[in-house]
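Me: Please pick a single part of this model and give it a close look. I'd like to hear how that part is put together and what surrounds it.

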Amino acid sequence: MISRPGSSPSDPILAAIDRAPRVERLTPEQRAELEQDLADIAAGRARLIAHEDLPRALEELARERGE
């Protein structure tokens, strides 16, 4: 398993990502964005939302942005 900064061995999201097959389908830019997103998740800077809560979260985000 690849260790990520700030990740714990019991983090199921990062554990699943580590188990996923490695295939080069992303551009270097996409790979960099993904790695930054993973770092944000590991550091607790990302707002994780359950799938069933996504519609409500998107509505809240739109309101916050004034859309």
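Reply: Let's take helix α1, with contact meaning heavy atoms within 4.5 Å. This is a predicted model, so local features need pLDDT of at least 70 and side-chain atom pairs pLDDT 80 or more, while totals for chains, interfaces and linings use all residues. Residues are numbered from 1 along each chain as its sequence is written, and side-chain values use heavy atoms, leaving out hydrogens and water.

The protein chain has three helices and zero strands (DSSP runs numbered from the N terminus: H or I of at least four residues for helices, E of at least two for strands). Along the sequence that reads α-α-α. Of its 67 residues, 13% are buried (under 20% relative accessible area; over 50% is exposed, in between is partly exposed; 1.4 Å probe, protein chains only).

Helix α1 covers residues 12-19, and its buried residues are L14, A15 and D18. They sit on the same side of α1 because they span an arc of only 105° around the axis (taken from the directions from the helix axis to the C-beta atoms). That fits a general rule: an α-helix has 3.6 residues a turn, so residues three or four places apart point the same way. On the other side of α1 you'll find P12 and R19 exposed. What do the buried residues of α1 pack against? Their partner is α2, residues 28-42. At the start of α1, a side-chain oxygen of D11 comes within 3.1 Å of the backbone nitrogen of I13 (a polar contact is an N or O pair within 3.5 Å, with one atom able to donate a hydrogen and the other to accept it; neighbours in sequence count only if both atoms are side-chain atoms).

Now for the surroundings. Over in α2, R31 and E35 are four residues apart, about one turn of the helix. Their side chains form a salt bridge at 3.9 Å, N to O (a Lys or Arg side-chain nitrogen within 4 Å of an Asp or Glu carboxyl oxygen). R31 counts as partly exposed at 28% relative accessibility, and E35 is partly exposed too, at 36%.

Further along, D53 and R56 meet in a salt bridge at 3.5 Å, N to O. D53 is partly exposed at 29%, and R56 counts as partly exposed at 48%. R56 also bridges to E60, with the closest N and O atoms 3.5 Å apart. Salt bridges with shared partners link R47, D53, R56 and E60 into one network. The full tally is five salt bridges.
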